[in-house]
Amino acid sequence: MQTNICHRLTARTLILAVLLTLSGTVHAIGTESTITLRPHCLLGYEDDNTVLKDGGDPEQIRCPSFSVEDPQTLKTPDLQVGDILDLDIVVENPEKKDIARVRAWLAYDPNILQGDLIEIAEEYAVVTPGESDFDTTEGYAKIEASSEGSGADDLQIFIARVQFTVLKTTPGGTVVNFFDVQTGGHTSVVTGKDEEEEHLINHEPGALHVLFAEGDITTPLPPMESSSSVASTAPVSSSPAEISSASAASMSTELLTDGEACITNEQCRSSRCLSGICQGATPLAAGAACGSNEQCLSGSCVNNACVGGIPAVSSAASVASVASSQ
C-alpha cells in the first residue's frame, strides 16, 4: 500500500490544458449542437463565451480543445502509467438554447483506465440517482443531471469533470467515447422540459483517442481501493518515465510563471508542476489560481483559487490529503 501511495504522489498529474500551437487550440463552434470532451479547464469558459460572442481575438481563448486526429476523433498528448487524464464534458450550443438536461455516458476500458472522479457543474445540480458514478465492470462513466430552472444558454456549457488514471499502456492507445447517442439513449442533450422536450444531438459527437508514450513502463498499476482485487506481486516503479523531450517541446517553448496552468515540470520556471499549476518554493497567496490545497499558503483551494489565512493543519495531514485526492 505504501508503494502505491508513493507512486501516486510522484506520478505527474496532467490537468490537460494542452498548450499546442494556436491553430491546434482555437476551437470553432459549429452550426449544430453537440457534446464533446475537452482538457479540464481550471478557469475560463465564461471568458471564452464572451470572446466567441463578440468575435474577439482567438488568442484570448483560455480553454483549448484537444488536437484533431481526424474529423471524428480528437487525441491526447502521449500519456504514461500513473498519469491522470482530466476531462471536461462540454455542450457546444451554437443556437444558444436553454439546456435543461444532459445525459452523458462515457465508454472506456477499465483494464487500461481507472475512473477516479466525477464532478457535475453547479448549474446542473439535480442529479439522477445512480448517474454520477463509474461502472467499473462494464466500463462506463455515468452522468445525468438537470438544471433546477430552464438551464444555461451559453455557446459552450461546462457539464461535468471526469478524471481517470492510466493503469497500463497499449501500443495503439485506447478510446474514450460517448455511449448510445440518440433520443432517449444514454447520451442526450435536452432543451425544454416535460412535453416541450427537444433532443438536440443529431449526429455522433466523435471519440477521444488516448495516446501513450513509446517505450513507457508496461507494468500496470494495481487498482486503488478495490477490495475484490488480488494484490499484484509484480514490482511497480515509484516514478513514471519522463515524457520525451520532443513531446515537451511541442507543448510549449516558453517557461510559465507560478500560478499558470501547466502539464509538465519542464514548462514551469520553478520546474514544479503540481495539480496542473506551476508552483514555486513559496506557497501561493490568497486569490492566486490553484489546483489543490497544498499549493496555497492557507492550505485551502476553493473553486480553483487560494482562500483564507495560515492553515491550522499539520504537514502530515496535508500529505494524507494529497494521497487521498490523487
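Here are some questions and answers about side-chain pairs in this predicted model.

Reader: Hello! How many salt bridges does a search of the whole structure find?
Author: Happy to help you start. Side chains of opposite charge can pair when their charged atoms come close. Searching the whole structure for such salt bridges gives a total of nine.

Reader: Which residue forms a salt bridge with glutamate 198, and how far apart are the closest N and O atoms?
Author: Look in the loop between strand E4 (84-92) and strand E5 (99-107), where lysine 97 sits, while glutamate 198 is in strand E12 (residues 198-199). The two positions are 101 residues apart, so the pair links distant parts of the chain. The partner is lysine 97, and the closest N and O atoms are 3.2 Å apart.Reader: Is lysine 97 buried or partly exposed?
Author: Buried would need a relative accessible area under 20%. Lysine 97 has 22% relative accessibility, so this residue counts as partly exposed.

Reader: What about glutamate 144 and arginine 101: how far is it from N to O in their salt bridge?
Author: Glutamate 144 belongs to strand E8 (residues 140-146) and arginine 101 to strand E5. They are 43 residues apart, and the pair links distant parts of the chain. From N to O, the salt bridge spans 3.0 Å.

Reader: Is glutamate 144 buried or exposed?
Author: The cut-off for buried is under 20% relative accessible area. Because glutamate 144 has a relative accessibility of 11%, the residue counts as buried.

Reader: Which parts of the chain does the pair of arginine 161 and glutamate 119 tie together?
Author: These two side chains form a salt bridge, with the closest N and O atoms 3.8 Å apart. Arginine 161 is buried at 13% relative accessible area, whereas glutamate 119 is partly exposed at 39%. Their positions are 42 residues apart in sequence, so the pair ties together strand E9 (residues 156-166) and strand E6 (residues 113-120).

Reader: Which residues do salt bridges that share partners join into one network?
Author: You have already met two of the members, Glu144 and Arg101, as a salt-bridged pair. Through shared partners, the network joins Arg101, Arg103, Glu131, Glu144 and Glu197.

Reader: Now for the rings. How many aromatic pairs are there in the whole structure, and is the pair of tyrosine 108 and phenylalanine 134 edge-to-face or stacked?
Author: The whole structure holds six aromatic pairs. For tyrosine 108 and phenylalanine 134, the ring centres are 6.2 Å apart and the planes stand at 90 degrees. Planes over 60 degrees apart count as edge-to-face, so this pair is edge-to-face.

Reader: Where do tyrosine 108 and phenylalanine 134 lie, and are they buried or exposed?
Author: Tyrosine 108 lies in the loop between E5 and E6, and phenylalanine 134 in strand E7 (residues 126-135). They are 26 residues apart in sequence, so the pair ties those parts together. Tyrosine 108 and phenylalanine 134 are both buried.

Reader: Is the pair of tyrosine 140 and phenylalanine 179 tilted or stacked?
Author: The ring centres are 4.7 Å apart. Stacked planes would be under 30 degrees apart. Here the planes are at 40 degrees, so the pair is tilted.

Reader: Which residues do ring pairs link into a cluster?
Author: Tyrosine 140 is in strand E8, and phenylalanine 179 is in the loop between strand E10 (174-178) and strand E11 (187-191). Tyrosine 140 is buried, with 16% relative accessible area, while phenylalanine 179 is partly exposed at 27%. The cluster linked by ring pairs is made up of Trp105, Tyr140 and Phe179.

Reader: One last stop: what does serine 147 touch, not counting residues up to four places away in sequence?
Author: Serine 147 has its place in the loop between E8 and E9. With 5% relative accessibility, serine 147 counts as buried. Not counting residues up to four places away in sequence, serine 147 touches Ile99, Ala100, Glu123, Tyr124, Val126 and Lys193.

How values were computed
Residues are numbered from 1 along each chain as its sequence is written. This is a predicted model: local features need pLDDT of at least 70, side-chain atom pairs count only at pLDDT 80 or more; totals for chains, interfaces and linings use all residues. Side-chain values use heavy atoms; hydrogens and water are left out. A salt bridge is a side-chain nitrogen of Lys or Arg within 4 Å of a carboxyl oxygen of Asp or Glu. Helices (H or I, at least four residues) and strands (E, at least two) are DSSP runs, numbered from the N terminus. Buried means under 20% relative accessible area, exposed over 50%, partly exposed in between (1.4 Å probe, protein chains only). Rings of Phe, Tyr and Trp (its six-membered ring) pair if their centres lie within 6.5 Å; planes under 30 degrees apart count as stacked, over 60 as edge-to-face and the rest as tilted. Contact means heavy atoms within 4.5 Å.
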